[in-house]
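Thanks for coming, everyone. Please look at the screen while I talk you through this one.

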Amino acid sequence: MSRTRELLSAASAAALLVALVAGCGSVESLSFRNPPSTTVPAGATALTLPGNLASLQEAGIPGATTTTVPTIGPGKASITGSVFGPSGPVGGATVKADRLVGDLVASTTTTTAADGSFTIGNVLGGRFRVRAWHSPNLTMTTPQIFFLDSGQPHSVTLQLSGFTGPDIATSVNPSVMNVGGTANLLVQATTPSVGTDGVVHDQPLVGATVTLSNGPSWTVFNGNPQTTGTDGRVLFQISCSQAGDNSLSVTVGSAPAQPVATPACVQLAPPTTNCTSSTTSLGQPFATTTTQPQSGC
């Protein structure tokens, strides 16, 4: 009942306001009743927010535990050593030491002296991975991994390998070659380069002259030599004239010739010929057939 009275009272106030506006009356002020006050029942405790929200305890959220980023120092251990290449000590090489902590890595680098020597000092102990390189043509294919005792020196010798081009890769299609048949020989020429990260990158050798040689039993139909395109590739159409393993080499520019892995040529067997003739005689009481060899078989 009280709810109905409230609704009627609100409707009356709204009607009065509409009537005043419609009659162009002047409305200077409106007054409304204050909302009823709320009192806490006897024996109940009033709820208030804490002054410091830090005192609120919230439930945890499922997830991975954050791990502190590892460091490589400062510590009391050290790594010393020398870097060598195919021609001896390598000065100016980059040496990188990685301290491995689980799946995380902390790293530091240094540069070798003119005699190839280096020192990485003031590091912590633990599991280490060390490698070296000298851009653009010297690097290590396999790093050295060892455990470094805390507070102790460790000495290593790092051997670099040279990467000079050109390199070639070949592919023959079809994989089985028949004497007198035609096949495609794809040659790709690349030049290796050691980047500033110590990784070998193979770049296509563009505009290089590629020549097939040492193949007396091979014939090239579409020109020899050829020049590589932007992808470093050339395609030769070849045919072998003799059964067996026939040698074939590729020369890129003025570099030494490199052998090509080609499949052996196979001589196809001649087609079979029926060298007999049959004669059928119609006699009594049965027909008979006689088979005789043909002349020249």
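**A walk through the strands and cores**

Start in strand β19: there, Thr 251 is the bridge partner of Thr 211. Before I go on, a reminder that this is a predicted model.

Now widen the view from that bridge. Strand β15 covers residues 209–213, and strand β19 covers residues 249–252. The two pair in the antiparallel sense, over 4 bridges. They belong to an open sheet of 4 strands. Its order is β17-β15-β19-β20, with antiparallel pairing.

Which strands stand at the edges of this sheet? They are β17 and β20, and β20 is residues 258–259. Each has a single partner strand, so one side of each is left without a neighbour in the sheet.

Stay with β17 for a moment. This strand is residues 226–227, and Gln 226 sits in it. Is Gln 226 buried or exposed? Its relative accessibility is 18%, and the cut-off for buried is under 20%, so Gln 226 counts as buried.

What does the Gln 226 side chain reach? The backbone oxygen of Leu 235 is one partner, at 3.0 Å. The backbone oxygen of Gly 223 is 3.3 Å from a polar atom of that side chain. Leaving out residues up to four places away in sequence, Gln 226 touches Ala 208, Thr 209, Val 210, Val 234, Leu 235 and Phe 236.

**Strand β18 and the disulfide**

Next stop, strand β18, which is residues 233–240. Strand β13, residues 183–194, is joined to β18 by 6 bridges, and the two run antiparallel. One pair to find on screen: Ala 183 has Ile 238 in β18 as its bridge partner. Strand β16, residues 218–220, also runs antiparallel to β18, joined by 3 bridges. Here, look for Thr 219, whose bridge partner in β18 is Ser 239.

How many disulfides does the structure hold? The count is 1. A quick reminder for the newer people: a disulfide is a covalent bond between the sulfur atoms of two cysteines. In this model, the cysteines are Cys 240 and Cys 265, with 2.1 Å from S to S. The angle about the S-S bond is -135°, and the link is left-handed. Cys 240 lies in β18 and Cys 265 in strand β21, residues 265–266, so the pair ties together parts that are 25 residues apart in sequence. Both cysteines are buried.

**The cores**

On to the nonpolar cores. As a general point, nonpolar side chains in soluble globular proteins tend to be buried together.

The largest nonpolar core here has 22 residues. Which members touch the most others? They are Ile 79, Val 83, Val 95, Phe 118, Phe 128 and Leu 158. The elements giving two or more residues to this core are β1 (77–85), β3 (94–101), β5 (117–123), β6 (126–134), β8 (144–148) and β9 (153–159). There is also a second, separate core of 20 residues. Trp 218, Phe 236, Cys 240 and Val 252 are among them. You met Cys 240 a minute ago, in the disulfide.

Back to the first core, and to Leu 158. Setting aside residues up to four places away in sequence, its contacts include Val 83, Val 95 and Phe 118. Met 140 and Gln 144 are also among the residues Leu 158 touches.

Now the rings. The count is 1 aromatic pair. Phe 128 and Phe 146 have ring centres 6.4 Å apart and planes at 10°, so the pair is stacked. Phe 128 is in strand β6 and Phe 146 in strand β8, so the pair ties together parts 18 residues apart in sequence. Phe 128 is buried, at a relative accessible area of 0%. Phe 146 counts as buried too, at 11% relative accessibility.

One more residue, in strand β1: Ser 78. Ser 78 is buried, with a relative accessible area of 17%. Its contacts, again without residues up to four places away, include Ile 120, Leu 148 and His 154.

**The whole chain**

Last, step back. The chain has 1 helix and 23 strands. It runs to 297 residues, and buried residues make up 25% of them. Take the contacts between residues at least 6 apart in sequence: 56% of those join residues at least 24 apart.

That's my slot. Questions, please.

Methods: Residues numbered from 1 in each chain as written. Predicted model: local features only at pLDDT ≥ 70, side-chain atom pairs only at ≥ 80, totals over all residues. Heavy atoms only, no water. Core = buried A, V, L, I, M, F, W, Y, C linked by side-chain atoms within 4.5 Å. Buried < 20%, exposed > 50% of the residue type's maximum accessible area, 1.4 Å probe, protein only. Contact = heavy atoms within 4.5 Å. Phe/Tyr/Trp six-rings, centres within 6.5 Å; stacked < 30°, edge-to-face > 60°. Polar contact = N/O pair within 3.5 Å; in protein donor to acceptor, adjacent residues only side chain to side chain. Pairing = 2+ DSSP bridges. Disulfide = S-S within 2.5 Å.
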